[in-house]
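Biologist: Please take a close look at one strand of this model and its surroundings. I would like the pairing, the burial and the neighbours set out in one connected account.

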Amino acid sequence: MDKNFFITTPIYYPSGKPHMGHAYSSIVSDVIARFKRLDRYNVEFLTGTDEHGLKIQRAAEEKGLDPKKFCDELSKTFRDLSKTLNLSNTDFIRTTEDRHIKSVQNLWKILENKNQIYLSKYSGWYSVSDEAFYSDNEIKEENGINISSISGSKVEWVEEESYFFKLSEWENKLLKFYEENPKFILPDTRRNEVLSFVKGGLKDLSVSRKSFSWGIKVPSNKDHVIYVWLDALTNYISALNYPDTKNNKYKNYWPADLHMIGKDILRFHAVYWPAFLLAADLPPPKRVYGHGWILSGDEKMSKSKGNILDPLEIVDKYGLDSLRFYLLKEVSFGNDGSITQEKLESCINSDLANNYGNLCQRVISFNEKNYNLLVPDNINFEKEDLKLLNKVSDNINTLRSYIDNQELSIYSNFIIDCLFEANKYFNDQEPWKKKSDVVRLNTIVYVSLEIIRKVSILLNPIIPDTSLKVLDIFNLKQKDINFDTIKDNKFLKPNSNIKKIGILFKKIDKND
Ligand code: MSP
């Protein structure tokens, strides 16, 4: 039976250079995509750029560029970032592509035909930065400026002819949908936010703009462009060739298993998007996960504070896998988390260099001295050997469920625990004192190699490059590894050759 899995990142506004927040959404999605592939799923992993709307039009105007040309340049920086971050995405969508424009216009027509859209007039608040409409009770004044109390961004008053989507008709149907699908929105705190927003009453949603032109035209009225969120959300199905719902991509991958997003865009994904889909008789996605924010120190990143973290700088200075590991292990997934140089360096030193790196180094050099780089033969597992190996083998389904419930911190901590236990095992067993007991010595070295193999497979979704460097000791390449093999306590063939290994992570000395 084919196991398929479809995961998406938000599509990013190419209004400026990518920052750490974008990198975060993409990296955590990549970890899940890679895990599912290891577990032998066919994984479709989508990311891309969200290129229409007033925010982009204004950003292009500031640079004196035509918006398409502006997006061509900046979208490329996001595409390049995907490579730098070693994302395993299978597609990269731009909302200015034909495949997407057709798809959005089709969805619009369906909504129109189903009598879900009508023409009227919008007067109310709009935030260009969020591309969002806010009601009066979501606005407050700060230093003489009107801002959204939800996001803190500046709002402006808009009055213009607009098409509306009959969102109010979907209030009860959405509540029923949330009730029937209790894990549609995770984590629970976000689910509760959405429930109280919807229970507070839904008003019809303005879904077109007339006062600017940078967007997809309403098919029946070229004076209007389609609201950028209706446009953007549709990327998740236009990448699957919607409106062709008979094609294999759509059939295999829709509904999406997981939209990974930041908590700031929950309302669009967990309220508007399922309402649009249900109104068009299409199934909503299976899950929307709203992760927390990455703070720069203790503060929100912002241009005005000048504290924007650039993922490229961090990758250049510390290496990609250090950053990926840090984000997974140090940010409690679902909550906000921060990056500081001190925390990053201490994580590299303690978890990567001392814990993982050191385990690999000492076991391989011990093997080299005593076994000439061969996997020992003639082994006999005792209780403490099995205790260590089974910590992984017995927890296969638990580990799967961590990933399937997006409990990424628990997954990472499990690995750290295994590494501690493996180092402790090697210390406690004192193989250097067991030279007279050959079977015992063989076994300790074999078990240590096995646990390195297992843990490296578990680490593969998080730090793919480093884990492959380690797995190469055993001549294992990405194509040779899969999740099931961590069940096996005797995977390594006795007397097979292993390779030496260089330094995986250099310890950072404050005085360097
Ligand atoms: N274009 C919309 C998304 C459309 S999806 C159909 C958008 N783009 S964005 O570029 O502004 O931000 C996208 C995502 O980047 C956020 O939802 C969030 O996932 C991530 N982040 C942006 N800043 C962030 C942090 N400081 N921390 C963590 N992630 C944040 O919204």
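Modeller: In this predicted model, strand E14 pairs with strand E15 (residues 288-291) in the parallel sense, over four bridges. His259 in E14 has Val288 as its bridge partner in E15. E14 also pairs with E1, again parallel, and two bridges join them. Here Leu258 in E14 stands opposite Ile7.

These pairings belong to an open sheet of six strands, with parallel pairing and the order E3-E2-E1-E14-E15-E9. Its edge strands are E3 (91-94) and E9, each of which pairs on one side only. Further along the order, E1 is joined to E2 (residues 42-49) by seven bridges, and the two run parallel. Tyr12 has Thr49 as its bridge partner in E2.

As for burial, five of the five residues of E14 are buried, so the strand is mostly covered. Leu258, Met260 and Gly262 point one way from the strand, while His259 and Ile261 point the other way. The residues on both sides are buried.

The residue just ahead of the strand deserves its own description. Asp257 lies in the loop between helix H9 (248-253) and strand E14 (258-262). Asp257 has a relative accessible area of 16% and is therefore buried, the cut-off being under 20%. Its side chain reaches the backbone nitrogen of Phe6 at 2.8 Å. Leaving aside residues up to four places away in sequence, Asp257 touches Asn4, Phe5, Phe6, Lys286 and Arg287.

Arg287 also appears among the contacts of Leu186, a residue of strand E9 (residues 185-186). Leu186 touches Val288, Tyr289, Gly290, Asn405 and Gln406 as well, with residues up to four places away in sequence not counted. Leu186 is buried, because its relative accessible area is 9%, again under the 20% limit. Leu186 and Phe197 are eleven residues apart in sequence, and their C-alpha atoms are 15 Å apart in space.

E14 also takes part in the surroundings of the ligand. The ligand is surrounded by 23 residues, and the closest are Ile11, Ser25, Asp50, Gly262 and Ile294. Gly262 is one of the E14 residues described above as buried. Three polar approaches to the ligand can be given. A polar side-chain atom of Ser25 lies 2.6 Å from a ligand oxygen atom. A polar backbone atom of Ile11 is 2.8 Å from a nitrogen atom of the ligand. A backbone N or O atom of Gly21 lies 3.4 Å from a ligand nitrogen atom. On its own the ligand has 660 Å² of accessible area, and the protein covers 95% of this. Two or more residues of the shell come from each of strand E1 (4-12), helix H1 (20-38), helix H7 (228-233), helix H8 (235-238) and E14. By type, the shell around the ligand divides into twelve nonpolar, nine polar and two charged residues.

Between two of those helices, H7 and H8, a loop holds Thr234. Thr234 is at 0% relative accessibility and therefore counts as buried. Not counting residues up to four places away in sequence, Thr234 touches His100, Ser103, Val104, Leu107 and Trp273.

For comparison with the parallel pairing around E14, some strands elsewhere in the model pair in the antiparallel sense. Strand E4 (residues 117-127) and strand E8 (residues 156-165) pair in this way over ten bridges. Gly124 has Val158 as its bridge partner in E8. E4 also runs antiparallel to strand E5 (residues 132-134), to which three bridges join it. Ser127 stands opposite Ala132 in E5. E4 and E5 form a hairpin with four residues between them, and Glu131 in the turn has a positive phi of about 50°.

Another antiparallel case is an open sheet of three strands in the order E11-E13-E12. Strands E11 (208-209) and E12 (217-218) stand at its edges with a single partner strand each, so one side of each lacks a neighbour in the sheet. Two bridges join E11 to E13 (residues 221-226), and these two strands run antiparallel. Arg209 stands opposite Val225 in E13.

Technical notes
Residues numbered from 1 in each chain as written. Predicted model: local features only at pLDDT ≥ 70, side-chain atom pairs only at ≥ 80, totals over all residues. Heavy atoms only, no water. Buried < 20%, exposed > 50% of the residue type's maximum accessible area, 1.4 Å probe, protein only. Polar contact = N/O pair within 3.5 Å; in protein donor to acceptor, adjacent residues only side chain to side chain. Contact = heavy atoms within 4.5 Å. Near = heavy atom within 4 Å. Areas by Shrake-Rupley, 256 points an atom, 1.4 Å probe, with all protein chains shown as cover. Nonpolar A, V, L, I, M, F, W, Y, C, P; charged D, E, K, R; others polar. Pairing = 2+ DSSP bridges.
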